[in-house]
Amino acid sequence: MPELPEVETMRRSLLTHVVGSTVVNVDVRERRLRRPLDANLERLLCGRTFTAIDRRGKYLLFELDDGQTLLVHLGMSGHLAVKPAAAGTLAHDHVRIELSSGTALVFNDPRRFGLLRLGTILELDELRNVGCDPLLDHWPLETWRDMTRDRRLPIKNFLMDQKLIAGIGNIYANEMLYEAGIRPRRRASRLRLSELRRLSKAMRKVLREAVRLGGSSISDYRDADGRPGYFQIHHTVYDRADQPCRRCATIIRRIVLSGRSTFYCPKCQK
DNA sequence: CGCACCCCCTGCCGGC
DNA sequence: TGCCGGCAGGGGGTGC
């Protein structure tokens, strides 16, 4: 589910519910996530007050009043929701963080590829591999050129490498390459400067627009208030194999890159 | 060392 | 109707 726009939408929808609230109880039902939940998560979280929620790539950082950070990654199927503390528990509700406001912040994740981890910024080594953020950071064309210079991998894989650029996943990589008119299999090192410029613009345009619309609503995506995203009606290539290109009516192709479904218009993308 | 591949896990969908 | 294979928005480890 979550790429940068969904994570950012989630962050914004959580702010008013969470920031300023104090943790009164933590209820863990499943510790086996991407990595086992910290043994003392409950003890360390109780009594703490959330001071801010930040985002880096696809990671959410819940800042606490003791200088620690609760790091959350939603993986493929993770959700966060704020509910009345009295609300019933659903299947795959793994962690419930009860707040002083009478609500609970609930982490639900059927596939358990998500992550919750408590620590200081320096201790959270996951963050060491998080690259530039497409919306928080801005980098010049020369940086694009330097980053791609010796990389022979497909440009789509380049875009999805979180160590380089953080936050782009499979849907938006496909969408921004369509927007830029570049085929996903092109080797990063072979892109011309003019193409990198188009890609840079397309990246920010696609992500900003998706954030503006509240993220993608593929499957059952919801923000913390249960609102769906509206990006899916704007998908131009993702999951549109064998359907006509919205621009030129050429049939959209599906290929597989590094095991991930990849879609492009053979006429609009070169 | 860059990169492709496989795995982690559950749910859902289409085909038989 | 039910079972089974394939696929799904992510990331990390392995091995070539």
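# Notebook: helix H1, two groups of strands, and Met 147

I began just past helix H1, where Gly 20 follows with a positive phi, near 95°. I noted at the outset that this is a predicted model.

**Entry 1: the length of H1.** I looked up the span of H1, residues 4–18. At 1.5 Å a residue, its 15 residues should span 21 Å. The end C-alpha atoms are 20 Å apart, so the expected span and the model agree.

**Entry 2: the surroundings of H1.** How many of the 15 residues of H1 are buried? I found 11, so H1 is largely enclosed by the rest of the structure. Buried here means under 20% relative accessible area. I listed the buried residues from the start of the helix: Leu 4, Pro 5, Glu 6, Val 7, Glu 8, Thr 9, Met 10 and Arg 11. Ser 13, Leu 14 and Val 18 are buried too.

**Entry 3: H1 against H6.** I next looked up how H1 packs with helix H6, residues 193–212. Two packed helices are described by the angle between their axes and the distance between the axes. For H1 and H6 the angle is about 35°, and the axes are 9 Å apart. Their crossing is right-handed. H1 brings Leu 4, Pro 5, Glu 8, Thr 9 and Arg 12 to the contact. H6 brings Leu 207, Ala 210 and Val 211. I sorted the contact residues by type and got 5 nonpolar, 1 polar and 2 charged.

**Entry 4: the sheet under H1.** Which strands does H1 lie across? They are E5, E6 and E7 (103–108), and H1 runs at about 30° to E5. I then traced the sheet. It is open, with 4 strands in the order E1-E6-E7-E5, and the pairing is antiparallel. E1 (23–28) and E5 (79–84) are the edge strands, each pairing on one side only. Neighbouring strands are turned by 20° against each other on average, direction ignored. I checked one pair in detail. E1 and E6 (residues 93–99) pair over 5 bridges in the antiparallel sense. Val 26 has Ile 97 of E6 as its bridge partner.

**Entry 5: strand E4.** I moved on to E4, residues 69–73. Is this strand mostly covered or uncovered? It is mostly covered, with 5 of its 5 residues buried. Thr 69, Leu 71 and His 73 point one way, while Leu 70 and Val 72 point the other way.

I looked up two pairings of E4. One is with E3 (residues 59–64), antiparallel, over 5 bridges. There, Tyr 59 has His 73 of E4 as its bridge partner. The hairpin of E3 and E4 has 4 residues between the strands. In this hairpin, Gly 67 takes a positive phi near 90°. The other pairing is with E8 (residues 115–119), again antiparallel and over 5 bridges. Thr 69 stands opposite Gly 119 in E8.

**Entry 6: Met 147.** My last stop was Met 147, in helix H3 (residues 141–148). Why do I call Met 147 buried? Its relative accessible area is 14%, and the cut-off is under 20%. I then looked up what Met 147 touches, leaving out residues up to four places away in sequence. The list is Trp 139, Phe 158, Leu 164 and Ile 165. I also took a distance to Leu 41. Met 147 and Leu 41 are 106 residues apart in sequence. In space they are 38 Å apart, C-alpha to C-alpha.

How values were computed. Residues numbered from 1 in each chain as written. Chains lettered and ligands numbered in written order. Predicted model: local features only at pLDDT ≥ 70, side-chain atom pairs only at ≥ 80, totals over all residues. Heavy atoms only, no water. Expected span 1.5 Å × (residues − 1). Buried < 20%, exposed > 50% of the residue type's maximum accessible area, 1.4 Å probe, protein only. Axes fitted to C-alpha atoms, helices over the stretch in contact; angles between N-to-C directions. Left-handed = near helix turned anticlockwise from the far one by under 90°. Contact = heavy atoms within 4.5 Å. Nonpolar A, V, L, I, M, F, W, Y, C, P; charged D, E, K, R; others polar. Pairing = 2+ DSSP bridges.
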